[in-house]
Protein chains: 2
Amino acid sequence: MSEIKRREVLELLGKGAAALAASQLAGCLEPGADSAAVSNKASELDLELGIELPGEHIAMLVYPEMTLLDLIGPQTCFTALGMTIHLVWKTLEPIPTESGVTILPTNTFALCPTNLEVLFIPGSTLGATPMVRDEEVLRFVRSRGERAKLVTSVCTGSLILGAAGLLRGYKATSHWFTRELLPIVAAERVDARYVEDRNRITGAGVTSGIDFGLRIVDRLRGRDTAHLTQLMLEYAPEPPFNAGEPTTAPQNVVDTVHALFDLALLDSRIALEAASQNF
Amino acid sequence: MSEIKRREVLELLGKGAAALAASQLAGCLEPGADSAAVSNKASELDLELGIELPGEHIAMLVYPEMTLLDLIGPQTCFTALGMTIHLVWKTLEPIPTESGVTILPTNTFALCPTNLEVLFIPGSTLGATPMVRDEEVLRFVRSRGERAKLVTSVCTGSLILGAAGLLRGYKATSHWFTRELLPIVAAERVDARYVEDRNRITGAGVTSGIDFGLRIVDRLRGRDTAHLTQLMLEYAPEPPFNAGEPTTAPQNVVDTVHALFDLALLDSRIALEAASQNF
């Protein structure tokens with residue numbers, strides 16, 4: 001794209017004509033460019049289009065090595081809300097997740113609407129810390145989080161919210177193993193399955209996303225819809241063992257988690273300390 | 001591909017030289033054909049390559065409109081087994097699932113190994129019945145299920161197993177709403193979160209897949225690995241409501257499910273009755 005074309009787009013953006021700008025941006029692209037090309041071009045130009053769309057929107061961040069179950073538990077519940085759900089990443093390229101399943105994003109940072117009912121951030125065992133270090137990711141999370149009606153996460157997603165400065169002065173939780181990191185980003189650690197503090201709702205590790213998701217359905221659509229969602233998902237859990245928390249798991253199993261991930265925890269701590277210098 | 005080439009491939013298959021046949025099939029393709037092209041060509045020729053691969057393998061069926069949470073709960077648990085997990089469909093084209101998330105298969109019916117530790121079938125609200133009616137799907141499920149060490153499902157996946165004739169004379173469960181259909185395929189209905197009968201393990205609706213998945217980890221790798229998996233997933237559920245079963249949900253909510261899906265249930269019944277004529 002020529003410098004003139006780029007200036008044209010930026011001028012349009014300056015006039016607040018966001019939707020028009022998006023269409024003009026598309027006009028600057030090769031003929032026949034599809035939405036992926038538009039998204040990638042906007043991302044390349046580092047354009048924040050600031051699009052407001054009619055209707056109710058949820059943005060769920062997706063990223064490489066994320067824990068897919070963190071996303072799919074809440075996402076399945078959210079379908080009961082009847083809102084448009086955007087799976088958002090820098091580009092529309094396929095995202096390989098931690099368990100080996102690859103998913104497709106449906107929108108990009110550049111084209112994600114700014115008027116959100118819910119912003120949601122999933123966690124990851126090793127993939128969240130690179131997001132804490134990624135300025136482009138933090139800028140997106142901050143820009144949408146500052147306006148979203150609900151700002152939410154499951155598992156180590158709260159570390160990404162925290163690195164974006166969105167949990168300062170809020171009670172929050174995280175995966176049991178990473179909860180001790182929350183004070184670094186000025187959040188108040190709470191040991192609970194999910195924590196609601198004003199419009200921030202954070203869930204504990206992975207499977208908490210189902211409890212968390214049902215609570216959000218209840219908050220946004222009422223008890224009947226929440227009950228219907230729980231019944232359709234036949235959510236009447238019967239864990240075959242009682243090892244879901246460090247207080248109930250055998251000590252040797254807790255020790256194994258520490259042996260495997262203490263170094264990763266230290267790396268997260270370093271990344272969060274660096275991010276907290278920016279706010 | 002010419003008729004001669006097709007015969008060459010079939011002759012090789014007749015000699016039981018499955019891996020060689022696969023490579024010959026690839027040789028018949030355009031130069032530079034990738035694995036997707038090989039899979040699609042094999043599928044087009046309706047070749048069942050019968051490949052045995054070294055190592056331990058899990059095949060998880062994926063299909064349009066499947067309930068993704070049915071798959072991702074168990075799949076996340078299965079990663080603890082250290083086996084190769086194949087997400088298998090007719091082709092490698094992206095699969096749109098019920099909740100709106102699109103995933104990528106990793107293997108095809110034609111190239112899926114025949115030596116499986118676990119065959120797994122997820123369910124769907126409206127997408128399972130078309131599978132019950134799909135001869136190509138049932139043939140694949142039957143061929144792998146007859147040899148797999150464990151034959152498993154979650155939710156209405158048991159209807160697909162049943163339509164393939166794999167639950168005849170076995171105790172089984174399904175989503176609470178469809179459990180009454182199990183006798184049509186000569187399975188013995190059991191009202192439980194998951195049911196183990198010899199090498200058949202079937203789960204109830206959607207979220208039962210986590211309980212089911214932990215039980216399979218325990219069965220295949222022992223209690224320590226199951227505990228570690230549960231602790232990593234922080235699986236200590238706290239449902240915010242008690243509406244996960246028709247016996248505990250308010251009657252008006254149960255009535256709503258019937259109003260929405262009784263017609264779909266009838267359609268499933270008709271499809272299962274037709275399938276059961278074939279065995």
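Colleague: Which residues of α4(A) meet which residues of α4(B)?

Modeller: In this predicted model, Leu68(A), Leu69(A), Ile72(A), Gly73(A) and Thr76(A) meet Leu68(B), Leu69(B), Ile72(B), Gly73(B) and Thr76(B), where contact means heavy atoms within 4.5 Å. Local features need pLDDT of at least 70 and side-chain atom pairs 80 or more, whereas totals for chains, interfaces and linings use all residues. Residues are numbered from 1 along each chain as its sequence is written, chains are lettered from A in the order in which they are written, and side-chain values use heavy atoms, without hydrogens and water.

Colleague: Why is α4(A) called roughly antiparallel to α4(B)?

Modeller: The two helices, residues 68-78 in chain A and in chain B, pack at an angle of about 150 degrees with their axes 10 Å apart. Angles over 145 degrees count as roughly antiparallel, on a scale from 0 to 180 degrees between N-to-C directions, and α4(A) is therefore roughly antiparallel to α4(B).

Colleague: What makes the two copies related as by a two-fold rotation axis?

Modeller: A turn of 180 degrees and a shift of 0.0 Å along the axis lay chain A on chain B with an RMSD of 0.0 Å, the superposition being by least squares on C-alpha atoms of residues with pLDDT of at least 70 in both; the copies are thus related as by a two-fold rotation axis. In chain A, the C-alpha nearest the axis is that of Ile103(A), 2.2 Å from it.

Colleague: How many residues of each chain are in contact with the other?

Modeller: 61 residues of chain A are in contact with 61 residues of chain B.

Note on methods. Helices (H or I, at least four residues) and strands (E, at least two) are DSSP runs, numbered from the N terminus. Angles under 35 degrees count as roughly parallel, over 145 as roughly antiparallel, 65 to 115 as roughly perpendicular and the rest as oblique.
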